Every structure is written in C-alpha cells, then in structure tokens.
Amino acid sequence: FCRIAEWEWPESPGRTLIFNGDFPRLDMPLPRFLEEPEAVRFLQSARAQPDLFARVCGVTLLYTGLRKGEFLNLGRDCMVRIGEGYWLRVPLGKMHKDRFLPLHPEVKQFLDEWIAHQCPDGISGQPEDLLFTIHGRRIGRGRVDSAVERIAAAAGITSRVTPHRLRHTVATMAINHGMSLSSIADMLGHNSLSMTRI
C-alpha cells in the first residue's frame, strides 16, 4: 500500500488501510545452545566420526561458530599464517564482509587432512577456490546438516542440533568464559551488538 501511494496510482486508497497494530505479535524465543557438557560430548563424537567430512564439519563449526554458508564457502587458501599463528579467513557471507578468526590447532589439523585427501593438485574440473568439493562439485548444505545430526546422535544428545545452534553454543561459551561482547560480535561477523546481545 505504501508503494501504491508513492507511485501515485489513481486506484490508490485515499487513507491508510493497515496499521502496525493490525499485525499479530510474533513469538521471539531466545536462541538455543548446547550446555557445556553437551558441547564437550559433541566435540568428542565429532573427533570419532568415520567420515572425514563429518569430522572436519563438527570440529570446525564448534570451534569457530561459522555459519553453514560461510563454512561451505571457505577457500582452499583459507588458512593464513600471521605472525606466529594461523588464522582462518572467512569469506564474504551473510553480512557482506570477510573476517579473520584465530585458527585452533585442531581445526587446522582437520582442514590440512581434508586438503591432503580431497583436494590434491591437478584434479581436472575441480574449482580451485572452494575447499569443500567432491569430484569437482560443491558439497551441498544438506550434507552439513546431516553431519551435525549424526554427530549429535552419536553423542547422545536427544534435542535437535543444527549448525546454527552450534554457532549459538560458541557465543554462549565465549561470554561465559569472559570474552567481551564486542569481541564475540567480531568473531561471529555481526554488524551490530544488538544481534550479539540476543
């Protein structure tokens, strides 16, 4: 209705027909996260997975808090040495900005293992820029969901676990261990602290 009025169509209503109060209030539940003992079990289960992708996926998501799309968009050159340590370069994602995260040694180990087994140089047809491909094709988002669900089931976690729930878990554990809200916002790639506060 606002657009019709702006475009000044002759058929536009002469007065406002819908007000903000006409819309029903939406539920706003707080984000769900894993309790720390559950997160520890999830991590142990991820390490024990027979499928290499599931191991890489579970450990990386729980240590970094990456969004599913950010994880799948990691490039083969995502690990960067800065000074004495390695950092993970997270490509442009939902918030249209890239960022660097300190790379946990275990995450680096699994990423190195994935590169060694799945991305040997010289495979024809394999995109050079994406890390997570199989037979030259990008790995789908459903495979990430499936890996996380299998890891959670093996860990004995009965509630539904998604990649985004792992993201909330990372943020919750960080704040419980004294990390500042602004640092968590930077780590998660939030544009505003209000997103992080939730």
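Let's start with helix α3, which runs for 13 residues: at 1.5 Å a residue it should span 18 Å, and its end C-alpha atoms are indeed 18 Å apart, so the expected length and the modelled one agree. Keep in mind as you look around that this is a predicted model. What makes α3 a good place to begin is its surroundings. Twelve of its 13 residues are buried, so the helix is largely enclosed by the rest of the structure. The buried ones are Leu52, Phe53, Ala54, Arg55, Val56, Cys57, Gly58, Val59, Thr60, Leu61, Leu62 and Thr64. Just past the end of α3, Gly65 takes a positive phi of about 75 degrees.

Now pick out one residue on that helix. Val56 sits in α3, and with a relative accessible area of 0% it counts as buried, because the cut-off for that word is under 20%. What does Val56 touch once its neighbours within four places in sequence are set aside? It is in contact with Phe71, Phe110, Leu111, Trp114 and Phe132. Take Leu111 from that list: it lies 55 residues from Val56 along the chain, yet the two C-alpha atoms are separated by 6.5 Å.

Those contacts lead into the middle of things. In soluble globular proteins, nonpolar side chains tend to be buried together. Here, the largest nonpolar core has 45 residues, and those with the most contacts inside it are Phe42, Phe53, Phe71, Leu111 and Phe132. At least two residues of this core come from each of α2 (36–47), α3 (52–64), α4 (68–72), β2 (85–90), α5 (105–118), α6 (141–154), α7 (163–176) and α8 (181–188). The helix we began with, α3, gives the most, with eight residues. To see the core from another spot, try Phe71. Leaving out its neighbours within four places in sequence, Phe71 is in contact with Phe53, Val56, Cys57, Thr60, Leu61, Leu66, Phe132 and Val144.

Leu111 takes us on to α5. This helix has 14 residues and reaches 20 Å from its first C-alpha to its last, close to the 20 Å expected at 1.5 Å a residue. Its buried residues are Glu106, Val107, Lys108, Phe110, Leu111 and Trp114. They pack against α2, α3, β1 (79–82), β2 and β4 (133–134).

Further along the chain comes α7. It has 14 residues, and the distance from its first C-alpha to its last is 20 Å, close to the 20 Å expected at 1.5 Å a residue. In α7, the buried residues are Pro163, Arg165, Leu166, Arg167, Thr169, Val170, Ala171, Thr172 and Ala174. Among the elements that cover them are α2, α3, α4, β3 (99–102), α6 and α8. Just after this helix, Gly178 takes a positive phi of about 95 degrees.

While you're here, glance at the loop between α6 and α7, where you'll find Ser159. Is Ser159 buried or exposed? Neither quite fits: at 23% relative accessibility, it counts as partly exposed. Not counting residues up to four places away in sequence, Ser159 touches Arg32 and Arg165. For a sense of distance, Ser159 and Thr16 are 143 residues apart in sequence and 45 Å apart in space, C-alpha to C-alpha.

Helix α7 also has a part in the next feature, a pocket. Rolling a probe the size of a water molecule over the atoms shows where empty space is left. The largest pocket has a volume of about 460 Å³. It is lined by 19 residues, and the closest to its centre are Pro31, His168, Met195, Thr196 and Ile198. The lining divides into ten nonpolar, five polar and four charged residues. Each of α7, α8 and α9 (193–197) supplies at least two of them, and α7 gives the most, with six residues.

Let's finish with one of those lining residues. Ile198 is found in the segment after α9, and it is exposed, with a relative accessible area of 62%. Leaving aside its neighbours within four places in sequence, Ile198 is in contact with Leu30 and Pro31. Pro31 and Ile198 are 167 residues apart along the chain, but their C-alpha atoms are separated by 7.4 Å.

Terms used
Residues are numbered from 1 along each chain as its sequence is written. This is a predicted model: local features need pLDDT of at least 70, side-chain atom pairs count only at pLDDT 80 or more; totals for chains, interfaces and linings use all residues. Side-chain values use heavy atoms; hydrogens and water are left out. A nonpolar core is a set of buried Ala, Val, Leu, Ile, Met, Phe, Trp, Tyr and Cys residues joined through side-chain atoms within 4.5 Å. Buried means under 20% relative accessible area, exposed over 50%, partly exposed in between (1.4 Å probe, protein chains only). Helices (H or I, at least four residues) and strands (E, at least two) are DSSP runs, numbered from the N terminus. Contact means heavy atoms within 4.5 Å. On a 1 Å grid over the protein atoms alone, a cavity is a set of points where a 1.4 Å probe fits but cannot get out, and a pocket is an open set with protein on both sides within 12 Å along at least five of seven lines; lining residues have an atom within 4 Å of a point. Grid points are joined across faces, edges and corners, and a volume is the space filled by probe spheres set on the points. Ala, Val, Leu, Ile, Met, Phe, Trp, Tyr, Cys and Pro count as nonpolar, Asp, Glu, Lys and Arg as charged, and the others, Gly among them, as polar. The expected span of a helix is 1.5 Å times one less than its number of residues.
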